[in-house]
Each structure stands twice: as structure tokens, then as C-alpha cells.
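Student: Could you take me through one part of this protein in detail? I would like a close look at its cysteines and how they are paired.

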Amino acid sequence: MERLNQTSSVSEFILLGLSSRPEDQKPLFILFLIIYLVTITGNLLIILAIRSDPQLHTPMYFFLSFLSFIDICFSTTIVPRMLVNFLSEKKTISYAGCLTQMYFTYALGNTDSYLLAAMAYDRYVAICDPFHYVTIMSHRPCVLLVAFSCSLPHLHSLLHILLLNQLTFCDSNVVHHFFCDINPLLKLSCSSIFVNDLTIKTEGLVFWVTPFLCIVFSYVRILVAVLRIPSATGKRKAFSTCGSHFTVVILFYGSIFYVYLQPLSSYTVQDRVATLVYTVLSSMFNPFIYSLRNKDMKRGLGKLMGRRKS
């Protein structure tokens, strides 16, 4: 592995990936190619089904279509570079390319979390205030929620990229990860990372936790409202509208908190595996979770596939 002179600046990084063993590269390439193709196909089908079925033109599916689009972009930011590195001997990425990948990874990943919060708010209004649902979740507020969810994360990501760009990387250029993530890069810096670390633990924590707290608040209110429903059938129906979204939230946030809410020095191989869950696997699982557990989505996909065959 390349070691750079202590006084020089790093112009490229080496991404070690998931395994450094040559015999693992082709099987990993095939596996992640399949995952990527399934992710793109599944999320595209969700988007097309929602656009083609008027019965799915509701706020919940409006948010879901944007979530599927962001998942396609999120996966495309990471997986194609992984596929190239699986078949390449050098496994390098330029300094600018690394910062660009990290910028879009954080911007799109945080957009995912804010869209999940918007979807939780939608379910909260639908269950806890059904008589005002049409007014509260009209087209304009939904568009504003999506615009906010898509724009604010870019400012957050830009802040961390600008701070990272102030650091000096002059010792090793080997990143023990499959993409340019902030923690492995901070460990390579030979200048002080105090400001970066402080920003992550303050602004970063507030930015990541805020949508999660909104989701928790929404589900606590939903749970209280559902427990007041006298009939078991009514309770099951209310819970069924939230089941898919709640599963996605647990999968997404569980892996994020496992990776990032721990000391920088303890970043290990297990963290790389956990990072796979929210960066790659959640984008693939989302279409299955939302379609297999949702009758309306199943019907919309059935109509779409029937229309393609005719």
C-alpha cells in the first residue's frame, strides 16, 4: 500500500473495500451488481406505479416516490465505484472525487432521513387528526416538506466537506472502507480534527437526531391514538398503515446510530458492515417492504405490470 511522504499532500485515496483478498473480488462484484440492479429496478417500479395509478396520488405515496428516487441516487453514489474497485488492482479515487462522493452520500442520506420524518408526520396526521387531514396535507405543504427535506441536507453536507477540506492528509492514503466516509478520513488526517469532531458532535448530532425525534414523537402520538380505538380490527388497520414505514425507520436509523454514535477511535470492520445496511441494503429493501406489506402498492404494481404486458 502506498505511503506518502510526511511533508506531501495526498492527491488520491485507496479504498480498501470490503475485502483485500483477490479471490473475493469477482464474487463481491457479482453480488453487488445484482443488489444495484435490484435497487434500481425496484425503486423505478415504485415510482412508475405511483405515477400511473390515480388512487396512489396521495401524500404518503407522494413522499414514497421521492424516497425511491433519492434511494436510486444514493445507491448510485456508492455502488458503481465499488463495482469498479472490485475489478481494479489500484482501487484509487482522486481527492476531489472522494470529497464529491462524500458530499452526495451525506446529502442524499440525510434527505432520506428527512423524508422518513415527513412520512411519519403524514401518518400522524392521518391517524390522529383524520378530519383535517386533507387540509393539513394538501399539495402545497407536501411540496414544501419535500423541498425542505431535499435542500437542507445539502447545506449540512457542504459544511462538513468545507471543514474536511481544511485538513492535511500527509501520512497514509489508505481508507479502510468501501467509500469515502468521514470517520475513516478523519483518522488519516495529520492535522488537528478538533473542529471537525466538535461539529459532528454538535451540529451533526442535532441534524441527524432531529428527524429521528420527529419520527419518535409521531409514533408515540400514533400509539396513544391507536390504543384508544375500541375494536381490534380498527387497531390492526391503523397499525397496518404504519408497519412498512416503521420497518424502514428501524433498518435505516438502527445502522446509522450503531456506526456514528461511538468514539472515532473504535471505528472497526463491524462498522463497515453496518454502514452497508443504510447505504446499500436499505435502498434495495425499501421497495420490497413498501410493496409486500401494502395492498394499495401491490394493486398499483399489478396494474403497472398488466399494462406493460398488454
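Tutor: Happy to! A disulfide here is a pair of cysteine sulfur atoms within 2.5 Å. Please keep in mind that this is a predicted model. By that cut-off, the count comes to two disulfides.

Let's start with Cys98 and Cys180, whose sulfur atoms lie 2.0 Å apart and form a disulfide. This pair links distant parts of the chain: Cys98 sits in helix α3 (residues 95–128), while Cys180 belongs to the loop between β3 (174–175) and α6 (182–188), 82 residues apart. The torsion about the S-S bond of Cys98 and Cys180 is about -125°, so this disulfide is left-handed. As for surroundings, Cys98 is buried at 0% relative accessibility, and Cys180 is likewise buried, at 0%.

Now for the other bond, which joins Cys170 to Cys190 with an S to S distance of 1.9 Å. Here too the pair links distant parts of the chain, 20 residues apart: Cys170 is in the loop between α5 (139–164) and β3, and Cys190 is in the loop between α6 and α7 (194–227). With 135° about the S-S bond, the link of Cys170 and Cys190 is right-handed. Its two ends have their own accessibility values: Cys170 counts as buried at 6% relative accessibility, whereas Cys190 counts as partly exposed at 36%.

If you count the bonded cysteines along the chain, the disulfides follow the pattern 1-3, 2-4. In that order, Cys98 is bonded to Cys180 and Cys170 to Cys190.

What about cysteines outside these bonds? Cys142 is in no disulfide, and the nearest cysteine sulfur, that of Cys150, is 13 Å away. Cys142 is also buried, with a relative accessible area of 3%. For Cys214, the closest cysteine sulfur is in Cys128, and the 14 Å between the two sulfurs is too far for a bond. Unlike the buried Cys142, Cys214 is partly exposed, with a relative accessible area of 38%.

So, to put the picture together: the left-handed bond is that of Cys98 and Cys180, both of them buried. The right-handed one is that of Cys170 and Cys190, with Cys170 buried and Cys190 partly exposed.

Key: Residues are numbered from 1 along each chain as its sequence is written. This is a predicted model: local features need pLDDT of at least 70, side-chain atom pairs count only at pLDDT 80 or more; totals for chains, interfaces and linings use all residues. Side-chain values use heavy atoms; hydrogens and water are left out. Helices (H or I, at least four residues) and strands (E, at least two) are DSSP runs, numbered from the N terminus. Buried means under 20% relative accessible area, exposed over 50%, partly exposed in between (1.4 Å probe, protein chains only).
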